[in-house]
Amino acid sequence: MSQTVPAADVPEGTVTGAGSYALGNNGEYFAVGRKCRHLRADLAGGSIDADGCLVCPWHGAKYDVRSGRMVRGPQGVFAKIPGLGTAFKALTSVLPLARGTVTQQGDNLVVD
Ligand code: FES
């Protein structure tokens with residue numbers, strides 16, 4: 001089911017929730033599945049880094065929003081576990097975050 005969000009709610013550099021998607025603006029609007037592949041944090045509460053990637057609010061895993069793949073594994077204590085980051089990156093090459101389409105209609109964004 002499509003979700004409509006006012007474009008004014010998603011200024012550049014921000015992320016918000018739109019149904020099952022994290023809807024963000026890294027210069028372009030994007031929508032990806034909002035559950036982090038690590039421990040299912042809500043990526044709608046994440047942030048966008050200098051590379052335009054979506055960063056998980058819990059442990060800093062970083063996602064390429066075009067592919068849905070994790071490009072940096074969980075940080076902090078998790079970064080010290082051998083192979084963990086590599087394993088999650090491999091997982092998301094098989095199971096990337098879902099990607100929605102974002103269409104601008106007037107002052108609104110429609111996410112499908
Ligand atoms: S839940 Fe996202 S990095 Fe841990």
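**Close-up 1. A salt bridge between R34 and D42.** In this predicted model, R34 forms a salt bridge with D42, and the closest N and O atoms of the two residues are 2.7 Å apart. D42 has a relative accessible area of 29%, so this residue is described as partly exposed. Side chains of opposite charge can pair when their charged atoms come close. The structure as a whole holds four salt bridges, and two others are shown in the next view.

**Close-up 2. A network of salt bridges that joins D49, D51 and K62.** The side chains of D49 and K62 meet in a salt bridge, with 2.7 Å from N to O. D49 lies in the loop between β5 (47-48) and β6 (54-55), whereas K62 belongs to strand β7 (residues 62-64), so the pair ties together parts that are 13 residues apart in sequence. The side chains of D51 and K62 also meet in a salt bridge, again with 2.7 Å from N to O. This second pair links distant parts of the chain, since D51 is in the loop between β5 and β6 and K62 is in strand β7, eleven residues apart. Through salt bridges that share partners, D49, D51 and K62 are joined into one network. How buried or exposed is each member of this network? K62 is buried, with a relative accessible area of 12%, while D49 is partly exposed at 21% and D51 is exposed at 58%. The value for K62 falls in the buried class because that class covers residues under 20% relative accessible area.

**Close-up 3. The open sheet and the hairpin of β2 and β3.** Four strands form an open sheet in the order β2-β3-β4-β9, and their pairing is antiparallel. The edge strands of this sheet are β2 and β9, each of which pairs on one side only. Strands of a sheet pair through backbone hydrogen bonds, either parallel or antiparallel. Strand β2 (residues 15-18) is joined by four bridges to strand β3 (residues 21-25), and these two strands run antiparallel. Within this pairing, T16 of the hairpin stands opposite L23 in β3. The hairpin formed by β2 and β3 has two residues between the strands, and G19 in the turn has a positive phi of about 60°.

**Close-up 4. E12 in the loop before β2.** E12 lies in the loop between β1 (3-6) and β2, and with 61% relative accessibility this residue counts as exposed. Which residues does E12 touch, not counting those up to four places away in sequence? With that restriction, E12 touches N25, N26 and G27. E12 and L109 are 97 residues apart in sequence, and the distance between them in space, from C-alpha to C-alpha, is 14 Å.

**Close-up 5. R40, a residue with a positive phi in a loop.** R40 is placed in the loop between β4 (29-33) and β5, where a relative accessibility of 56% makes this residue count as exposed. R40 has a positive phi of about 65°, although this residue is not a glycine. Most residues other than glycine have a negative phi.

**Close-up 6. T92, a buried residue of helix α1.** T92 has its place in helix α1, and at 0% relative accessibility this residue counts as buried. The side chain of T92 reaches the backbone oxygen of K89 at a distance of 3.1 Å. When neighbours within four places in sequence are left aside, T92 is in contact with R37, Y63, G68, R69 and M70.

**Close-up 7. A nonpolar surface patch made by L91, V94 and L95.** Together, L91, V94 and L95 make a nonpolar surface patch of about 270 Å². One of these residues, L95, lies in the loop between α1 (84-94) and β9 (99-100). L95 counts as partly exposed, with a relative accessibility of 45%.

Conventions: Residues numbered from 1 in each chain as written. Predicted model: local features only at pLDDT ≥ 70, side-chain atom pairs only at ≥ 80, totals over all residues. Heavy atoms only, no water. Pairing = 2+ DSSP bridges. Buried < 20%, exposed > 50% of the residue type's maximum accessible area, 1.4 Å probe, protein only. Contact = heavy atoms within 4.5 Å. Patch = residues over 30% accessible without salt bridge, like charges linked within 9 Å, V, L, I, M, F, W, Y side chains within 5 Å. Areas by Shrake-Rupley, 256 points an atom, 1.4 Å probe, with all protein chains shown as cover. Polar contact = N/O pair within 3.5 Å; in protein donor to acceptor, adjacent residues only side chain to side chain.
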